[in-house]
Amino acid sequence: MEPVIDQAFAAALYSEGDTGLDTGASLLAADPASDAELRRRGEEFVRRAWERGWLPADVIRLVRRDLDEHAAGLAAGLIGAEVRRYDRLPPRWRAQLDELPAVPPAGRPDRFSYASALLGLYRLLLRLPAVEPVGPPPGAARDALRLPPVEGEPRMLTRIRALLAKAEATGFPEEAEALTTKAQELMARHSIDEALLAARTHSGRVPGALRIGVDAPYETAKAILLDAVAAANRCRAVWNSEFGFTTVVGFEADLDAVELLHTSLLVQGTAAMTRAEAGQRAGGRKRTKTFRQSFLMAYAQRLGSRLADGTARATAEADAEGAAGPSGAADAGLLPVLAARDLAVTDAAEKMFPRTTTTRVRGATDLDGWTHGTRAADRARMGGAPPEISG
């Protein structure tokens, strides 16, 4: 006779609608002996997700969007149990695991509801398609994982992170601008130093990739902002609107800069939008959705222009300083080094995504939202000579 768990899976996982889920959940609720095998198979579904290119944050994001927070907690429990199998994890996995949602208490709700929720989660995991991998799977050899010899991030990134945190927290636009500008300057300098060091030492470093969530609402504007930040930091960005993420391709130091700066600018932009919207409401306006959409679209497009100008200025200044080493010997030259890295990133992105499509962006319809968004982008601009900021 076919095991109960196989009967439940046949009814629930390969059918549409709630009827199959109810049938499968009823079978499992009446058979406590299947509990251990039910969990084991869930961990196997998670493992298959890794093999198809998914990361912990990707899985949780999709489960939240398509199911609910309770299912995300169940997924977190499966992920936590599954990754304990590995002696080593790829870079960035530890941070994603640290941010997993809370796992629901065992035994709640009732057995039927618990089994139904798990089967709904398993159905989603089973149907995950393959996506472009942004690194090796967990458990790969240390060389394949490209693990750093020492845990922890470079001091420069710690300083940049602190500056951006201060920019997000301050209520004074001028201070936020100075802090964010200083952070961008450090990012550009860090990236240039990394490029020159790699050229001098003939490093075999190649571009990598990461995925960043682009969540609703207003995901188009958010994707445009991320694309602008990526381009300014010598990376390429490809948005997958179906699954709610953008893949960013670039060298490691630049990927770190994109992740940090995009997060900070989104926080700053959302705060500015909330303040501007409050003023609009006080004046009797009620078109909140169109105001927000137009605000974020203007904010993203304006910042794209500002970031591009800032990158060109930083590169010109670094090139003017000269690229001589400590001995004074002539270096390879900054611009050819950066051009070679740009070409390597473009090559890597085209290999990962040989077929991409363009998306038509719906125009902004709220003039006030556009105007306020443009002004907010100006306050967050990257260029200029900020006052000296300690930290």
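This report looks at the cavities, the nonpolar cores and one buried aspartate of a predicted model.

Local features need pLDDT of at least 70 and side-chain atom pairs count only at pLDDT 80 or more, while totals for chains, interfaces and linings use all residues. Residues are numbered from 1 along each chain as its sequence is written, and side-chain values use heavy atoms, without hydrogens and water.

Let's start with the empty space. A cavity here is a set of points on a 1 Å grid over the protein atoms alone where a 1.4 Å probe fits but cannot get out, and lining residues have an atom within 4 Å of a point. Points are joined across faces, edges and corners, and a volume is the space filled by probe spheres set on them. The count is three cavities of 30 Å³ or more, and the largest holds about 100 Å³. Among its lining residues are Gln-184, Asn-233, Arg-234, Asp-254 and Thr-311. Helix 10 (173-200; helices are DSSP runs of H or I, at least four residues) gives the most to this lining, with four residues.

| Lining class, largest cavity | Count |
|---|---|
| Nonpolar (Ala, Val, Leu, Ile, Met, Phe, Trp, Tyr, Cys, Pro) | four residues |
| Polar (the others, Gly among them) | five residues |
| Charged (Asp, Glu, Lys, Arg) | two residues |

Now to Asp-58, which sits in helix 4 (residues 56-66). Asp-58 counts as buried because its relative accessibility is 2%, buried being under 20% with a 1.4 Å probe and protein chains only. Beyond its neighbours within four places in sequence, Asp-58 contacts (heavy atoms within 4.5 Å) Arg-211 and Phe-245.

Key
Helices (H or I, at least four residues) and strands (E, at least two) are DSSP runs, numbered from the N terminus. Buried means under 20% relative accessible area, exposed over 50%, partly exposed in between (1.4 Å probe, protein chains only). On a 1 Å grid over the protein atoms alone, a cavity is a set of points where a 1.4 Å probe fits but cannot get out, and a pocket is an open set with protein on both sides within 12 Å along at least five of seven lines; lining residues have an atom within 4 Å of a point.
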